[in-house]
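Here's a walk through one protein model, taken a piece at a time. Keep the viewer open and rotate along as you read.

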Amino acid sequence: MDAIFISDLHLQDSRPELTDGFVRFCETWGRKTQQLFILGDLFEVWIGDDVASKTSTVVQNSLARLAGAGVKLWFIAGNRDFLLGKEFAQPAGLHLLADGCIEKIAGNQVLLSHGDVYCTDDVEYQNFRKTMRDPRWICAFLQRPAAARQQMAAALRQESKAKGSEKAMYLMDVNRAAIDAAFEKAQTRLMIHGHTHRPAIHTHNVRGQTCKRVVLGDWGELGWMATIEGASTQLLKFPLLAPEQVSRCET
Ligand SMILES: [Mn+2]
C-alpha cells in the first residue's frame, strides 16, 4: 500500500476497546503501508503535550514501533486534538502537517484536511474555531494548571454537545461550495478528510473536471480507512476486533 488514511478515532481512557483496536490496526494494516496519515481527532480531547494519559502513552508507543519499522507517519490536527504538538509527536515518530496541505502520493496530488474548516454553514462553529486557534488563546490556555484545563475542556465539550444536538443536519456537514473552492485553489482532483462522521466517496465537478472526495468514518465497532495504491483510491471499513476483514465502501 502506498498510503493509508484514518481519522476520528476519538481515543480516550474511558473506551479502552478503541485503543486496543488502534494498536491492532497498527500491527496489521500499519505494517502494510509505506505511509500512514492521521487526519485529526485521533484523541477525544488533548489539553497539552505535558498531560499524558494511559491512552496517549499506549498510542505513542504503538506509533513509535511503526516509525521504527520504517513507516512514515503524518498528523493533521482535528478540532479535538489541535493542541497536540512536538513533545508528543517527536517521540512517536509523527510528523505534523498543516490542515489543507497537498501531498504527492504515488503520483497523485492529494488535498488533506481534518474537514471542519469546510463546515462553513455553521458560522457559530467557525467563530469558535477561530478563537480556539488564536495563538494568544492557546498560550494562555497552556499556561493554566492541568486540572483547570481539564475542567475547561469538559465544559466546552458539554456546550458543543448541547449545541450539536440542536443543529440542523446540514450545518454539521461540509459546504459544497467551500469544497469546490478548495479543489480549485489546490488544483487537485482528490481530497481526503474526516470530521463529519459521514463516510462516503463524493464526486465534485470543478470547472469541468471530475474531483473525488473521500470522507473517512469515525471509529466505533468498525474502523475506517482510505487507501491509495497506485492510481486506486478506496474507502474501507473493518471490525475493530478483526482488522483483516475489510469490506469496501463504494459510495
Ligand atoms: Mn472533528
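What do the buried residues of α1 pack against? Keep in mind as you look that this is a predicted model. The buried residues of α1 pack against β1, β2, α2, β10 and β11. The residues in question are L18, T19, G21, F22, V23, F25 and C26, which are buried in α1. The helix itself covers residues 16-28 and lies across β1 (3-6), β2 (35-38), β10 and β11, running at about 170 degrees to β1. With 13 residues, α1 reaches 18 Å from its first C-alpha to its last, close to the 18 Å expected at 1.5 Å a residue.

Now for the sheet underneath that contact list. It's an open sheet of 7 strands with mixed pairing, and the order reads β4-β3-β2-β1-β10-β11-β12. At the edges you'll find β4 (94-97) and β12 (247-249); each has a single partner strand, so one side of each is left without a neighbour in the sheet. From one strand to the next, the twist averages 30 degrees.

Zoom in on β10 and β11 for a moment. Residues 222-229 make up β10 and residues 232-239 make up β11, and the two pair in the antiparallel sense over 8 bridges. One pairing to pick out is E229, whose bridge partner in β11 is S232. Another helix, α2 (residues 54-68), packs on the sheet too, touching β2, β3 (72-76) and β4, and its direction makes about 135 degrees with that of β3.

Next, the metal. Which residues supply the protein donors of the manganese ion? They are D41 (OD), N79 (OD1), H114 (NE2) and H195 (ND1), lying 2.1 to 2.3 Å from the ion. Along the chain, these donors follow the spacing D-x37-N-x34-H-x80-H. Take D41 and N79: the pair links distant parts of the chain, with D41 in the loop between β2 and α2 and N79 in the loop between β3 and α3 (86-92), 38 residues apart. Is D41 buried or exposed? D41 counts as buried because its relative accessibility is 1%, and the cut-off for buried is under 20%.

For a contrast, go to G70, in the loop between α2 and β3. G70 has a relative accessible area of 57%, so it is exposed; exposed here means over 50%. G70 also sits 7.6 Å from Q34, C-alpha to C-alpha, with their positions 36 residues apart in sequence counted as separation.

Terms used: Residues are numbered from 1 along each chain as its sequence is written. This is a predicted model: local features need pLDDT of at least 70, side-chain atom pairs count only at pLDDT 80 or more; totals for chains, interfaces and linings use all residues. Side-chain values use heavy atoms; hydrogens and water are left out. Two strands pair if DSSP finds at least two bridges between them. Helices (H or I, at least four residues) and strands (E, at least two) are DSSP runs, numbered from the N terminus. Axes are lines fitted to C-alpha atoms, for helices over the stretch in contact, and angles run from 0 to 180 degrees between N-to-C directions. Contact means heavy atoms within 4.5 Å. Donors are N, O and S atoms within 2.8 Å of the metal (3.2 Å for Na, K and Ca); water is not among the atoms, so sites may look incomplete. Buried means under 20% relative accessible area, exposed over 50%, partly exposed in between (1.4 Å probe, protein chains only). The expected span of a helix is 1.5 Å times one less than its number of residues.
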